[in-house]
Amino acid sequence: SDYSQEPLRHPCLRINAKAILSYSTFPFYLLKKQCFQLCLFGIFEPFNAEPPRSALISSYITPVDLFYKRNHGPIPLLDDIDRYCVSVNGLIENPKELFMNDIRMLPKYNVTATLQCAGNRRTAMSKVKKVKGVGWDVSTLGNAVWGGAKLADVLEFVGVSKFSYCTQKGGKHVEFVSVDKCEEEKGGPYKASIPLIQASNPEADVLLAYEMNGEPLTRDHGYPLRVVVPGVIGARSVKWLDSISINEEQCQGFFMQKDYKMFPPSVDWSNINWSARRPQMDFPVQCAICSLEDVDHIKPGKVTVSGYAVSGGGRGIERVDVSVDGGKNWIEAPRYQKIGVPYVADSLSSYKWAWVFFEVTLDVLRNSEIVAKAVDSAANVQPEKVEEIWNLRGILNTSWHRVQVRVGH
Ligand code: MTE
Ligand code: MO
């Protein structure tokens with residue numbers, strides 16, 4: 001099959017040097033181009049990369065080759081599509097093996113959803129005080145049209161009815177297990193779970209996706225089949241799906257229990273109690289300016305401030321405010337999803353899982369701090385300072401996004 005080819009990757013993707021360092025003894029890590037080549041040949045693994053800010057907002061639907069890539073182990077090659085199957089087991093009467101044909105037979109849905117890594121904007125959090133994890137700028141997210149079967153239909157097909165959740169012990173969970181092998185799982189597969197009520201709710205739009213932007217998934221993004229959980233941190237959207245299991249308990253894997261949890265700033269590695277916190281699911285309201293780098297040198301006059309805003313849980317974006325004086329005065333930035341069509345906030349919109357773009361042109365005459373902050377449909381706001389939400393794993397940096405501009409002639 002054509003999937004034995006090397007993964008399609010855009011040369012402008014910024015490869016994460018820290019991940020390269022920690023997984024390789026190769027001394028070439030400062031030479032980005034070489035790194036890129038070496039990544040292509042699978043020498044540096046796991047492969048982690050994000051596009052530059054300007055490329056990220058160059059299209060509302062993120063092209064696959066520009067979409068960020070986040071991996072915890074080597075990227076598997078599953079090209080025997082006739083034999084590929086997903087086993088569904090656990091608390092169901094008749095465990096089943098589902099082949100691609102079984103999944104394709106179910107109604108196909110296209111869901112436009114923004115996938116965001118919980119580590120997006122981590123580098124800025126590390127500037128306050130070092131956090132653990134891959135350093136990311138503001139582009140560890142992307143917006144795609146995911147095509148596939150609804151998990152609710154797949155579950156119904158194996159005998160689990162829609163809107164199921166009640167058991168004597170409380171809610172059940174649906175666990176997704178991959179085929180990739182991760183260091184953190186001591187060589188075991190990457191895995192995660194979501195509540196059964198979400199998995200079996202057709203309105204939650206959880207997909208077993210085999211397409212991204214109308215094309216079969218690429219290897220980097222989970223070929224041949226991945227989970228997409230809209231509105232939830234990327235970590236729960238398991239790629240290269242191997243099995244699904246219905247359990248009484250949440251998944252006990254590393255990435256559910258010992259990672260991707262939000263701790264207060266007072267917790268450090270000496271007093272951390274992982275079991276005190278729940279695994280992060282929905283992501284909070286987020287935005288970033290992508291038309292400017294930090295620090296940009298500009299001429300005095302009109303400056304275009306544009307970027308993305310997105311919120312989790314299907315909460316659309318209500319407003320984006322922009323300031324050119326560090327947050328003293330604000331103006332509301334117009335938003336759009338389709339170029340030329342102003343965005344109308346509507347929680348029933350089929351785009352509720354997707355980001356909006358904002359764009360406003362303002363006068364900037366002297367050195368300034370340009371700031372953006374968004375408000376979601378539940379009136380949630382972004383925190384002003386990164387210090388307020390600093391956490392040792394560096395997740396969910398949703399503080400006001402700031403860029404410095406230096407004005408000269
Ligand atoms: N699934 C598997 N099997 N292995 C992984 O390492 N990483 C997760 C998730 N699913 C991961 C995975 C994380 S943390 C994120 S943010 C998204 O995949 C990234 O998806 P992408 O690489 O398609 O952008
Ligand atoms: Mo992630």
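1. Let's start with a cross-strand pair: in this predicted model, Ser87 stands opposite Glu97, a residue of strand 4. The two strands concerned are strand 3, residues 85-90, and strand 4, which run antiparallel and are joined by 4 bridges.

2. Stepping back to the sheet, strands 3 and 4 belong to an open sheet of 5 strands with mixed pairing, in the order 4-3-12-7-8. Strand 4 (96-99) and strand 8 (189-195) are the edge strands, each pairing on one side only. From one strand to the next, the twist averages 20°. As a general reminder, strands of a sheet pair through backbone hydrogen bonds, either parallel or antiparallel.

3. Now for the core. Which members of the largest nonpolar core touch the most other members? Among its 105 residues, they are Leu207, Leu208, Tyr308, Ala309 and Val320. In soluble globular proteins, nonpolar side chains tend to be buried together.

4. Leu208 is a good residue to click on. Leaving aside residues up to four places away in sequence, Leu208 touches Ile103, Gly148, Ala149, Leu151, Val154, Leu225, Val227 and Leu241.

5. Finally, have a look at Asp268, in the loop between helix 8 (254-257) and strand 13 (286-289). Is Asp268 buried or exposed? Asp268 is exposed, because 11 other C-beta atoms lie within 10 Å, and a residue counts as exposed at 12 or fewer. Asp268 also makes a long-range approach: Leu392 is 124 residues apart from it in sequence, yet their C-alpha atoms are 6.2 Å apart in space.

Notes: Residues are numbered from 1 along each chain as its sequence is written. Chains are lettered from A and ligands numbered from 1 in the order in which they are written. This is a predicted model: local features need pLDDT of at least 70, side-chain atom pairs count only at pLDDT 80 or more; totals for chains, interfaces and linings use all residues. A nonpolar core is a set of buried Ala, Val, Leu, Ile, Met, Phe, Trp, Tyr and Cys residues joined through C-beta atoms within 7 Å. A residue is buried if 20 or more other C-beta atoms lie within 10 Å of its own, exposed if 12 or fewer, and partly exposed in between; C-beta atoms are placed from the backbone. Two residues are in contact if their C-beta atoms, placed from the backbone, lie within 7 Å. Two strands pair if DSSP finds at least two bridges between them. Axes are lines fitted to C-alpha atoms, for helices over the stretch in contact, and angles run from 0 to 180 degrees between N-to-C directions.
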